[in-house]
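Reader: Hi! Could you walk me through this structure? I'd like to go bit by bit, if that's okay.

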Amino acid sequence: MTDNLRYRGTKTKISTSQERSQSPPVSPKIRLFTVIIKGLALFIIVNLSLSYFITENFTWGYSNKYTNINRHIQFFKSPVELSEAELARFDGSDPSRPIYLAMDGEVYDVSSSRATYGPGGSYHFFSGKDAARAFVTGCFKPDHLIHDLRGLNEIELKDLEGWKRFYADHGKYFRVGKVYHEPLDPNSEFPPPCNGAKKP
């Protein structure tokens, strides 16, 4: 009986060693690929750690639309669609809400600069509304903080496109959707130029 068990055990060991010897060897290319992947992963981890330790930023202080994490998160969300009244709720008065401003119907999240666009900030008058006209006229009176672009010249309209690119490509701000305006009365008057206008 004992000899029989020993024989079986020996046979099992032989079979296992044979199976190992028969398993295909790992290709040198696969080994090289594995080493490269591990090396890249280690490099990225060390680089990010050093960047955050030195600059408190994972990108060595570099900032543009591609390094804006919130922009990438927004990509997976449905765009917001707001009325003017709904947009007005995002003027920074409620700390639990983001801060939005709009320009020519496009809505941008500027919450990362709450000190600037929130209550008491130097550009708070832009928040919660589509003040496209004021961006290019430089007039910050209430009658210019509107989306009405009638009467603007080609240079001013070109400036507006520049401002739209500024917010669309900014490292901190990002587009979140659209605001829908009531149709303008074509017979209504648009605001006249104001004295002492300043560009934002």
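Author: Let's start with strand 3 and strand 4, which pair in the antiparallel sense over four bridges. In that pairing Val107 stands opposite Gly177 of strand 4. One thing to keep in mind throughout is that this is a predicted model.

Reader: Thanks! What is the order of the four strands in the sheet?

Author: The order is 1-4-3-2, in an open sheet with mixed pairing. Strand 1 (80–83) and strand 2 (100–103) are at the edges with a single partner strand each, so one side of each has no neighbour in the sheet. From one strand to the next, the twist averages 35°.

Reader: And do strand 1 and strand 4 run parallel or antiparallel?

Author: Those two run parallel, and four bridges join them, with strand 4 covering residues 174–180. Val80 is opposite Gly177 there. Strand 2 and strand 3, on the other hand, run antiparallel, also joined by four bridges, and Ala102 stands opposite Val107.

Reader: Which way do the side chains of strand 3 point?

Author: Glu106 and Tyr108 point one way, Val107 and Asp109 point the other way, and all are buried. In a regular strand, side chains alternate between the two faces of the sheet.

Reader: Nice. How many residues sit between strand 2 and strand 3 in the hairpin?

Author: Two residues, and in that hairpin Asp104 takes a positive phi near 55°.

Reader: Why does a positive phi get a mention?

Author: Because most residues other than glycine have a negative phi. Asp104 has a positive value although it is a residue other than glycine.

Reader: Is Asp104 buried or exposed?

Author: In between: its relative accessibility is 32%, so Asp104 counts as partly exposed.

Reader: What does Lys164 form with Asp104?

Author: A salt bridge, with the closest N and O atoms 3.2 Å apart. Lys164 belongs to helix 7 and Asp104 to the loop between strand 2 and strand 3, so the pair ties together parts 60 residues apart in sequence. Lys164 itself is buried, at a relative accessible area of 16%.

Reader: Which residues are joined with those two into one network?

Author: Glu161 joins them: salt bridges with shared partners link Asp104, Glu161 and Lys164 into one network.

Reader: How many salt bridges are there?

Author: The count comes to six. One of them joins Arg175 and Glu106, whose closest N and O atoms are 2.4 Å apart. Arg175 is in strand 4 and Glu106 in strand 3, so this pair ties together parts 69 residues apart in sequence. Arg175 is partly exposed at 37% relative accessibility, while Glu106 is buried with a relative accessible area of 16%.

Reader: And what about Arg150?

Author: Arg150 forms a salt bridge with Asp148, with 2.8 Å between the closest N and O atoms. Arg150 is partly exposed at 22% relative accessible area, whereas Asp148 is buried at 4%.

Reader: Back to helix 7. Where does it lie?

Author: Helix 7 (residues 154–168) lies across strand 2, strand 3 (106–109) and strand 4, and runs at about 145° to strand 2.

Reader: Changing topic: which residues form the nonpolar patch on the surface?

Author: Leu32, Phe33, Ile36, Ile37 and Leu40, with about 500 Å² of accessible area together. Ile37 lies in helix 2, which spans residues 28–55, and counts as partly exposed at 42% relative accessibility.

Reader: I'm also curious about Thr116. What is it in contact with?

Author: Leaving aside neighbours within four places in sequence, Thr116 is in contact with Gly121, Ser122, Tyr123 and His124. Thr116 lies in helix 5 (residues 114–117) and is partly exposed, at 27% relative accessibility.

Reader: Last one, the overall picture! How many helices and strands are there?

Author: Seven helices and four strands, following the pattern α-α-α-β-α-β-β-α-α-α-β along the sequence. Of the 200 residues, 28% count as buried. The protein exposes about 14,000 Å², and carbon and sulfur atoms supply 60% of that. Among contacts with a separation of 6 or more, 63% come from residues 24 or more positions apart.

Definitions and conventions. Residues numbered from 1 in each chain as written. Predicted model: local features only at pLDDT ≥ 70, side-chain atom pairs only at ≥ 80, totals over all residues. Heavy atoms only, no water. Pairing = 2+ DSSP bridges. Axes fitted to C-alpha atoms, helices over the stretch in contact; angles between N-to-C directions. Contact = heavy atoms within 4.5 Å. Patch = residues over 30% accessible without salt bridge, like charges linked within 9 Å, V, L, I, M, F, W, Y side chains within 5 Å. Areas by Shrake-Rupley, 256 points an atom, 1.4 Å probe, with all protein chains shown as cover. Salt bridge = Lys/Arg side-chain N within 4 Å of Asp/Glu carboxyl O. Buried < 20%, exposed > 50% of the residue type's maximum accessible area, 1.4 Å probe, protein only.
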